[in-house]
Amino acid sequence: MGTPEFPDLGRHCSVGDCHQIDFLPFTCDRCDFVFCLQHRSYTSHKCPKANNKDVTVVVCPLCAKGVRLNPNEDANITWESHVNTDCDPSNYQRATKKKKCPVPGCREQLTFSNTIMCKDCSKEHCLKHRFGPDHKCPGPRKPEPTFPFANMLRRSQKVEPRANSSGSGSSWWSSSLLNAASSFRSSAEAGMQKLSIATSEAVQKAKDGVTPSSSGGGLVEQCVQCPARFSTVGALIEHAEKSHGNNSQPSRGKVTIDACPKCSKGFQDPVLLVEHVEREHGGTSKA
């Protein structure tokens with residue numbers, strides 16, 4: 001066997017009747033014996049392990065799934081195991097029902113080779129109706145707005161005349177929301193403006209010494225250090241600065257007078273000022 005240069009070249013066929021030397025032998029992947037070209041197949045050399053690697057698949061009539069039969073196991077045992085574990089009868093319709101072209105009147109079944117998805121409507125059609133005019137493509141869908149209440153407000157504005165006549169609540173809710181937001185903003189701005197004007201007027205009245213009681217000529221303001229009485233707070237402050245400005249008595253400190261922001265009446269004690277506002281002006285100090 002072989003040549004002087006290659007003594008291991010070639011093998012004899014394992015079939016007893018043949019035993020022919022072959023320089024390109026074949027090794028069976030089941031029984032691992034060497035055979036010649038004529039006996040290389042399973043049937044020609046009667047391989048005893050030819051069925052060990054056979055793949056047999058049975059389609060289940062209940063769920064349309066493929067069940068692989070094990071050569072080393074009884075087929076009945078394999079089938080019973082599939083029925084008890086993997087069998088799902090609800091999958092039969094999905095597996096056996098074939099897709100068809102959605103164009104009315106077209107009965108073409110959609111397979112892997114004749115299916116085209118439209119880029120505009122994202123639907124699958126057959127090759128005959130793959131273009132937009134052929135399947136009456138509605139075109140790409142418009143993107144939804146990011147603001148979630150935009151559509152609701154837009155719909156309420158469109159049906160506003162009918163909603164007002166019928167008294168429905170959707171348009172009323174949206175219009176009430178907008179009106180409430182605008183009125184709250186306007187009222188807040190008006191309130192801040194009124195407060196600023198009232199504060200400026202109260203400060204100016206206190207500086208000028210103009211009070212409602214000064215028009216009647218009554219002396220309502222009394223000095224806390226002497227019996228003198230004055231008609232305005234400004235006159236009282238001027239008297240205190242001129243007459244008692246340098247007074248250094250230990251029991252008399254610097255006089256602090258708080259004026260009422262509504263009538264400009266002065267009070268030395270803040271508690272008396274609060275009581276005066278609650279009693280005379282109803283508890284509010286707005287000018």
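This is a guided tour of a single predicted model, stop by stop, with a suggestion of what to select at each one.

**The whole chain**

Begin with the full chain in cartoon view, where the secondary structure comes to 7 helices and 12 strands. If you then colour by burial, buried residues make up 21% of the 287 residues. Switching to a surface display, you are looking at an accessible area of about 21700 Å², of which 55% belongs to carbon and sulfur atoms. For a view of how the chain folds back on itself, consider the contacts between residues at least 6 apart in sequence: 19% of these join residues at least 24 apart.

**The largest nonpolar core**

Select Cys13, Val15, Cys28, Cys31, Phe35, Cys36, Cys47 and Ala50 and show their side chains, since these 8 residues form the largest nonpolar core. Within this set, centre on Cys28, which, when residues up to four places away in sequence are not counted, touches Phe33, Phe35, Tyr42, His45 and Cys47. Two of the residues touched, Phe35 and Cys47, are themselves listed in the core.

Now add His39, which lies in the loop between strand E4 (34-35) and strand E5 (56-59). Is His39 buried or exposed? Its relative accessible area is 13%, under the 20% limit, and His39 therefore counts as buried. Leaving aside neighbours within four places in sequence, His39 is in contact with Cys13, Val15, Cys18, Ser44 and His45; of these, Cys13 and Val15 belong to the core just selected. His45 is worth keeping on screen, as it appears among the contacts of Cys28 and also among those of His39.

**A salt bridge between Arg30 and Asp29**

Staying in this stretch of sequence, select Arg30 and Asp29, whose side chains meet in a salt bridge with an N to O distance of 3.6 Å. The two partners fall into separate burial classes: Arg30 is buried, with a relative accessible area of 14%, whereas Asp29, at 44%, counts as partly exposed.

**A nonpolar patch on the surface**

Return to the surface display and select Phe6, Leu9, Phe23 and Leu24, which form a nonpolar patch with about 450 Å² of accessible area together. Of these, Phe23 can be placed in the loop between strand E2 (21-22) and strand E3 (26-27). Phe23 has a relative accessible area of 43% and is partly exposed, and it can be part of such a patch because that value is over the 30% required of a patch residue.

**The hairpin of E5 and E6**

Next, show the backbone of strands E5 and E6 (residues 66-69), which pair in the antiparallel sense over 4 bridges. A useful point of reference is Val59, whose bridge partner in E6 is Gly66. Between the strands of this hairpin there are 6 residues, and Ala64 takes a positive phi near 60° there.

**Pro140 in a loop**

Move on to Pro140, in the loop between strand E8 (124-125) and helix H3 (150-158). At 59% relative accessibility, Pro140 counts as exposed. Select Lys119 as well: although 21 residues separate it from Pro140 in sequence, the two C-alpha atoms are 8.0 Å apart in space.

**Helix H6**

Select residues 233-243, which make up helix H6, and look at Val233 in that helix. With 5% relative accessibility, Val233 counts as buried. What does Val233 touch, not counting residues up to four places away in sequence? The residues in question are Glu221, Ser264, Lys265 and Gly266. Ile257 can be added for a distance check, as its C-alpha is 8.9 Å from that of Val233 while the two residues are 24 apart in sequence.

Further along the helix, select Glu238 and Lys242, which both lie in H6 and are 4 residues apart, about one turn of the helix. Their side chains meet in a salt bridge of 2.9 Å, N to O. Here Lys242 counts as exposed at 65% relative accessibility, and Glu238 is partly exposed at 43%.

**A last salt bridge**

Finish with Arg279 and Glu280, which form a salt bridge whose closest N and O atoms are 3.5 Å apart. Arg279 is exposed, with a relative accessible area of 56%. The count of salt bridges in the model comes to 4, including the Arg30 and Asp29 pair, the Lys242 and Glu238 pair and this one.

How values were computed
Residues are numbered from 1 along each chain as its sequence is written. This is a predicted model: local features need pLDDT of at least 70, side-chain atom pairs count only at pLDDT 80 or more; totals for chains, interfaces and linings use all residues. Side-chain values use heavy atoms; hydrogens and water are left out. Patches are made of residues with over 30% relative accessible area and no salt bridge: like charges are joined within 9 Å, nonpolar side chains (Val, Leu, Ile, Met, Phe, Trp, Tyr) within 5 Å. Accessible areas come from the Shrake-Rupley method with a 1.4 Å probe; for residues, only the protein chains shown count as cover. Helices (H or I, at least four residues) and strands (E, at least two) are DSSP runs, numbered from the N terminus. Buried means under 20% relative accessible area, exposed over 50%, partly exposed in between (1.4 Å probe, protein chains only). Contact means heavy atoms within 4.5 Å. A nonpolar core is a set of buried Ala, Val, Leu, Ile, Met, Phe, Trp, Tyr and Cys residues joined through side-chain atoms within 4.5 Å. Two strands pair if DSSP finds at least two bridges between them.
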